[in-house]
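Reader: Please take me through the pockets and the helix contacts of this model, one question at a time.

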Amino acid sequence: MGSGYMILALLIMGASWLVSSRLKSKFEHYSKLHLNNGMSGREIAEQMLHDHGIYDVKVISTPGMLTDHYNPVDKTVNLSEGVYHQRNAAAAAVAAHECGHAVQHAIGYKWLTMRSQLVPVVSFASNIVQWILLAGILLIKAFPSLLLVGIVLFAATTLFSIITLPVEYDASHRALAWLRDKRIVNQAEYAGSEDALKWAARTYLVAAIGSIATLLYYVSIFMGSRERE
């Protein structure tokens with residue numbers, strides 16, 4: 001493994017750790033900023049859905065911390081227990097963001113549709129890609145095509161991480177616009193919600209950059225082996 005890639009990998013790992021740490025601290029901080037309207041995450045989510053004319057999506061509680069997500073298959077907004085029950089700027093931001101995905105689904109937002117179509121491929125690829133890449137590197141002289149297969153599979157996961165960026169940023173934009181326009185939060189609460197979602201989005205950005213860098217590394221190995229033939 002080249003020293004240049006090792007340095008890049010360490011930088012990306014450091015950036016990922018920094019962003020994750022900042023995200024956790026931001027959510028802890030804004031969890032103390034209680035909403036003047038007294039609404040819980042569940043109530044905010046339900047109101048945002050209804051304001052967008054969406055009545056076939058359920059808001060449910062799911063175990064864990066930062067496990068919030070929208071499931072387009074069964075049309076559920078899954079809020080972590082803290083977000084579901086709490087009444088603060090962090091909960092408002094997360095609840096509205098996940099409903100932003102529900103709005104995307106309802107209007108057929110193209111990037112969400114593309115990401116959903118990639119889910120089966122990525123689920124399959126993520127289970128075997130590391131083993132194929134490892135075997136491809138070890139057997140590169142005997143079976144160079146094996147590494148190419150691994151690269152193609154890894155490229156699918158990289159594409160997924162890239163497509164995720166506009167999906168996440170758009171969901172946050174929709175969430176913040178609704179929170180502001182409907183006056184769900186005041187100015188200070190809006191600033192906290194915006195800051196929390198900004199750091200959440202950066203986790204996806206770092207992940208995408210890391211995936212692209214890793215893909216290019218494997219491509220360089222494959223191309224290098226071809227040149228030596």
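Reader: Which element gives the most to the lining of the second largest pocket?
Author: This is a predicted model, in which local features need pLDDT of at least 70 and side-chain atom pairs count only at pLDDT 80 or more, whereas totals for chains, interfaces and linings use all residues. Residues are numbered from 1 along each chain as its sequence is written, and side-chain values use heavy atoms, without hydrogens and water. The second largest pocket (an open set of 1 Å grid points where a 1.4 Å probe fits, with protein on both sides within 12 Å along at least five of seven lines, and lining residues having an atom within 4 Å of a point) is lined by 14 residues, with Phe27, Ser31, Met65, Val83 and Gln86 nearest its centre. H1, helix H3 (81–85) and H4 (DSSP runs of at least four residues for helices and at least two for strands) each give two or more residues to this lining, and the most, three residues, comes from H4.

Reader: What volume has the largest pocket?
Author: A volume is the space filled by probe spheres set on the grid points. For the second largest pocket this space is about 170 Å³, while for the largest pocket it is about 660 Å³.

Reader: Which element gives the largest share of the lining of the largest pocket?
Author: The largest pocket has 29 lining residues, and the closest to its centre are Asp68, His69, His101, Glu168 and Tyr204. Among the elements giving two or more residues are helix H1 (3–30), strand S2 (69–71), helix H6 (144–181) and helix H7 (187–227). The largest share, seven residues, comes from H7.

Reader: At what angle do the axes of H4 and H6 cross?
Author: The residues in contact (heavy atoms within 4.5 Å) include His97, His101 and Gln104 in H4 and Glu168, Asp170 and Arg174 in H6. The axes, which are lines fitted to C-alpha atoms over the stretch in contact, with angles from 0 to 180 degrees between N-to-C directions, come within 7 Å and cross at roughly 115 degrees.

Reader: How is H2 set relative to H6, roughly parallel or roughly perpendicular?
Author: Ile44, Gln47, Met48 and Asp51 in H2 meet Arg174, Ala175, Trp178 and Leu179 in H6. The axes of helix H2 (residues 41–51) and H6 come within 11 Å and cross at roughly 95 degrees. Because angles of 65 to 115 degrees count as roughly perpendicular and those under 35 as roughly parallel, H2 and H6 are roughly perpendicular.

Technical notes: Angles under 35 degrees count as roughly parallel, over 145 as roughly antiparallel, 65 to 115 as roughly perpendicular and the rest as oblique.
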